[in-house]
Amino acid sequence: MQSPRAARPLASPGSTVTIKQLAEALGVSITTVSRALNGYSDVGEATRSRVVEAAQRMGYRPNRNAQRLVTRKTHAVAWVQADNDRKFVDPHFVEVMAGVLRGARSAAYDIVLTSDTPEHELDVYDRYVNDNSVDGFILDLPREDDPRISYLLERGRPFVVHGRESRHGRYGWVDVDNYGNFYKLARLMVANGHRRIAFINGDERYTYALYRRRGVADAIADLGMPEQAVSYFAAHHPMGDAGLALTSKALEDEAVTAIIYSSTLMAMESHPAIQRSGRALSVATMDDELHYLNLSPFGAMISFVRSSLRDAGVALIGELLRQCDTGGGPRGKLIPSTFSIVPGLREESLALPLPPHRL
């Protein structure tokens with residue numbers, strides 16, 4: 001025969017189960033249910049398991065607003081963007097966002113994505129900080145001495161940066177080895193006999209592009225070659241549609257025998273210009289593993305250094321939520337890179353040690 005406690009009815013279909021109903025069904029206090037569901041150590045494991053099982057069976061969902069009053073956490077993080085229509089169709093941004101959303105979903109966090117004009121961006125951060133409407137922030141495309149980073153460091157709020165600038169020891173970040181990857185690509189080209197190289201970079205207002213340029217320049221200097229061995233071209237962000245124009249400009253120099261690209265988007269767009277030139281060029285590029293691009297036809301034509309932007313997005317939200325949930329100090333994370341080199345090229349230079357990074 002069932003006990004009266006077990007016989008108590010569950011909430012009717014479609015209704016919202018409250019913590020009071022859950023406590024009554026279990027015959028325990030509301031405080032016990034709350035502390036069991038929130039992982040407090042003063043609740044025994046048997047009681048915790050019983051509460052969790054009943055919550056799942058009854059379809060109990062915690063009231064976010066009530067939780068916020070107790071924990072002072074919103075389970076939301078902000079990602080503030082400059083108001084740039086082209087940014088929101090940039091495949092690089094979409095890949096990072098896909099990773100961020102995947103990581104946030106698994107941790108039951110929401111992403112507050114908003115934008116404002118560059119001159120008012122800091123006002124958005126200030127509003128979110130002052131009304132405590134988010135637990136932390138994601139920043140991307142940092143510049144040197146970035147004012148967003150300065151503001152959040154001053155206010156002591158959790159944040160993570162996709163990229164780095166000179167103060168990266170003081171905040172959480174996720175990045176690829178921009179300097180090292182492009183140092184190696186430049187050294188690869190020289191090791192294979194190229195003495196006139198074009199480097200078609202991203203937007204050098206941002207640190208990722210600055211460090212890539214620095215890697216190329218340092219490799220050329222360390223090999224004892226003149227600065228004029230490399231011609232530098234920079235796109236504006238987003239950089240995909242600059243590939244054809246900048247490649248055509250680079251190929252005006254008939255001495256150029258190799259091109260290094262900052263993105264597969266630019267490398268793919270430039271392919272018609274390279275074909276029209278009729279020149280046997282050696283090409284290398286950064287491949288961010290953009291899922292909509294099929295690069296398999298170019299495996300025997302282009303050398304790649306690969307690193308996943310989607311993995312970077314997952315790591316970004318992971319680092320931020322670690323700070324928010326544990327109160328732990330910030331950490332940095334490098335997303336691994338792998339090289340895929342055109343058959344027949346000499347690859348020994350890739351195994352050589354790098355000089356100390358200038359970061």
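**Exercise 1. Identify the bridge partner of phenylalanine 137 in strand 4, and place the pair in its sheet.**

Solution. Phenylalanine 137 has phenylalanine 159 as its bridge partner in strand 4. The model is predicted: local features need pLDDT of at least 70, side-chain atom pairs count only at pLDDT 80 or more, and totals for chains, interfaces and linings use all residues. Residues are numbered from 1 along each chain as its sequence is written, and side-chain values use heavy atoms, with hydrogens and water left out.

Step 1. Strand 3 (residues 136-140) and strand 4 (residues 159-162) run parallel and are joined by 4 bridges. Strands are DSSP runs of E with at least two residues, helices are runs of H or I with at least four, and both are numbered from the N terminus. Two strands pair if DSSP finds at least two bridges between them.

Step 2. The open sheet has 6 strands in the order 2-1-3-4-5-11, with parallel pairing. Its edge strands, strand 2 (110-116) and strand 11 (332-334), each pair on one side only. On average, neighbouring strands of this sheet are turned by 20° against each other, direction ignored.

**Exercise 2. Determine which strands helix 7 and helix 8 touch or lie across.**

Solution. Step 1. Helix 7 (residues 121-131) lies across strand 1 (76-82), strand 2 and strand 3, and runs at about 170° to strand 1. Axes are lines fitted to C-alpha atoms, for helices over the stretch in contact, and angles run from 0 to 180 degrees between N-to-C directions.

Step 2. Helix 8 (residues 147-155) packs on the sheet and touches strand 3 and strand 4, its direction making about 160° with that of strand 3.

Step 3. Aspartate 146 is found in the loop between strand 3 and helix 8. Aspartate 146 counts as buried at 3% relative accessibility, where buried means under 20% relative accessible area, exposed over 50% and partly exposed in between (1.4 Å probe, protein chains only). Leaving aside neighbours within four places in sequence, aspartate 146 is in contact (heavy atoms within 4.5 Å) with Leu141, Glu165 and Arg167.

**Exercise 3. Classify the packing of helix 6 against helix 13.**

Solution. Step 1. Helix 6 (residues 91-106) and helix 13 (residues 309-326) pack at an angle of about 40°, with their axes 7 Å apart.

Step 2. Helix 6 is therefore oblique to helix 13: angles under 35 degrees count as roughly parallel, over 145 as roughly antiparallel, 65 to 115 as roughly perpendicular and the rest as oblique.

Step 3. The crossing of helix 6 and helix 13 is right-handed, that is, the near helix is turned clockwise from the far one by less than a right angle, whereas anticlockwise would be left-handed. Residues making the contact include His92 and Val96 of helix 6 and Leu309 and Gly313 of helix 13.

**Exercise 4. Describe the largest nonpolar core and the environment of phenylalanine 304.**

Solution. Step 1. A nonpolar core is a set of buried Ala, Val, Leu, Ile, Met, Phe, Trp, Tyr and Cys residues joined through side-chain atoms within 4.5 Å. The largest one has 26 residues, of which Ile200, Ile259, Tyr261, Met266, Ile274 and Leu281 touch the most other members.

Step 2. Elements that each supply at least two residues of this core include strand 6 (197-201), helix 12 (264-277) and strand 10 (302-306). Helix 12 contributes the largest share, 4 residues.

Step 3. Phenylalanine 304 lies in strand 10 and is buried, with a relative accessible area of 1%. Beyond neighbours within four places in sequence, its contacts include Thr264, Leu295 and Phe339.
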